[in-house]
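Please describe this structure for a reader who is new to it. Cover the overall fold, the open and enclosed spaces, and the charged pairs.

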Amino acid sequence: MSEPASTAHKAFGDIAPALADYTDQVLFGDVWERPGLSPRDRSLVTVSSLVARYQANELYFHLGKALDNGLTREELIEAITHLAFYSGWPTASTALGVARRVFAERDAA
């Protein structure tokens, strides 16, 4: 019996299997497992970076991962609100729309 496909393999493994493997093995296998920061802290840094860079596509996944890693909805919204002053209102308002979708999907599950 084989393991279920990872999120990366489901998302783009059909077209870029090597990138999916690097995502699983290097990014989430090595980088995310380094001892210097907790998964919660890594999620906060990652979400902040994605908001600031206007990367809504990746933000959807990482908001869910942040919740799984112990950040609360309130903390995520506070981070997005704080970032509005540093990365701009459009990046924050876009991030809020993504957060609303993630939260609604979690509530419906």
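## The annotated span

Residues 17-100 are 82% helix and 0% strand, and the C-alpha atoms at the two ends of this span lie 31 Å apart. The model is predicted. For residues 17-100, UniProt gives the feature "domain: Carboxymuconolactone decarboxylase-like", from an unreviewed entry. That annotation may be inferred rather than shown by experiment.

## Overall fold

The protein has six helices and zero strands. Along the sequence the pattern reads α-α-α-α-α-α. The C-alpha atoms fill a box of roughly 45 × 35 × 25 Å, taken along the principal axes.

How much of the protein is buried? Of its 109 residues, 28% are buried. Contacts across the sequence can also be counted. Among contacts between residues at least 6 apart in sequence, 55% join residues at least 24 apart.

## The largest pocket

The volume of the largest pocket is about 400 Å³. Its lining has 17 residues, and Thr7, Ala11, Phe12, Glu58 and Phe61 are the closest to its centre. Three helices each give two or more residues to this lining: H1 (7-12), H2 (17-31) and H4 (56-68). Which helix gives the most to the lining of the largest pocket? H4 does, with seven residues.

The character of the pocket lining is mixed. It divides into eight nonpolar, five polar and four charged residues.

## The largest cavity

The structure also holds one cavity of 30 Å³ or more. The volume of the largest cavity is about 40 Å³. Leu50, Val51, Tyr54, Gln55, Ala56, Leu59, Thr91, Thr94 and Ala95 form its lining.

Helices H3 (39-52), H4 and H6 each supply at least two of these lining residues. H6 has the largest share, three residues. By type, the cavity lining has six nonpolar residues, three polar and no charged. H4 therefore appears in both linings: it is among the helices that give two or more residues to the pocket, and it supplies at least two residues to the cavity.## Salt bridges

Side chains of opposite charge can pair when their charged atoms come close. How many salt bridges does a search of the whole structure find? It finds five. The table lists three of them, with the distance between the closest N and O atoms.

| Acidic residue | Basic residue | Closest N and O atoms |
|---|---|---|
| Asp41 | Arg40 | 4.0 Å |
| Asp107 | Arg73 | 2.8 Å |
| Glu105 | Arg101 | 3.5 Å |

Start with Arg73 and Asp107, whose closest N and O atoms are 2.8 Å apart. This pair links distant parts of the chain: Arg73 is in helix H5 (residues 73-87), Asp107 is in helix H6 (residues 89-108), and 34 residues separate them. Is Asp107 buried or exposed? Asp107 is exposed, because its relative accessible area is 56% and the cut-off for exposed is over 50%. Arg73 is partly exposed, at 28% relative accessibility.

Glu105 and Arg101 pair within one helix. Both lie in H6, four residues apart, which is about one turn of the helix. Glu105 counts as partly exposed at 38% relative accessibility. Arg101 also counts as partly exposed, at 45%.

Another set of salt bridges shares partners. Arg40, Asp41 and Glu75 are joined by them into one network. Within that network, Asp41 bridges to Arg40, with the closest N and O atoms 4.0 Å apart. Asp41 is partly exposed, with a relative accessible area of 33%. Arg40 is partly exposed as well, at 27% relative accessibility.

## A look at Asp21

Asp21 lies in helix H2. Is this residue buried, partly exposed or exposed? At 31% relative accessibility, Asp21 counts as partly exposed.

Which residues does Asp21 touch, leaving aside its neighbours within four places in sequence? Asp21 is in contact with His9 and Val26. Ser6 is 15 residues from Asp21 in sequence, and the two C-alpha atoms are 9.2 Å apart in space.

Key:
Residues are numbered from 1 along each chain as its sequence is written. This is a predicted model: local features need pLDDT of at least 70, side-chain atom pairs count only at pLDDT 80 or more; totals for chains, interfaces and linings use all residues. Side-chain values use heavy atoms; hydrogens and water are left out. On a 1 Å grid over the protein atoms alone, a cavity is a set of points where a 1.4 Å probe fits but cannot get out, and a pocket is an open set with protein on both sides within 12 Å along at least five of seven lines; lining residues have an atom within 4 Å of a point. Grid points are joined across faces, edges and corners, and a volume is the space filled by probe spheres set on the points. Ala, Val, Leu, Ile, Met, Phe, Trp, Tyr, Cys and Pro count as nonpolar, Asp, Glu, Lys and Arg as charged, and the others, Gly among them, as polar. A salt bridge is a side-chain nitrogen of Lys or Arg within 4 Å of a carboxyl oxygen of Asp or Glu. Buried means under 20% relative accessible area, exposed over 50%, partly exposed in between (1.4 Å probe, protein chains only). Contact means heavy atoms within 4.5 Å.
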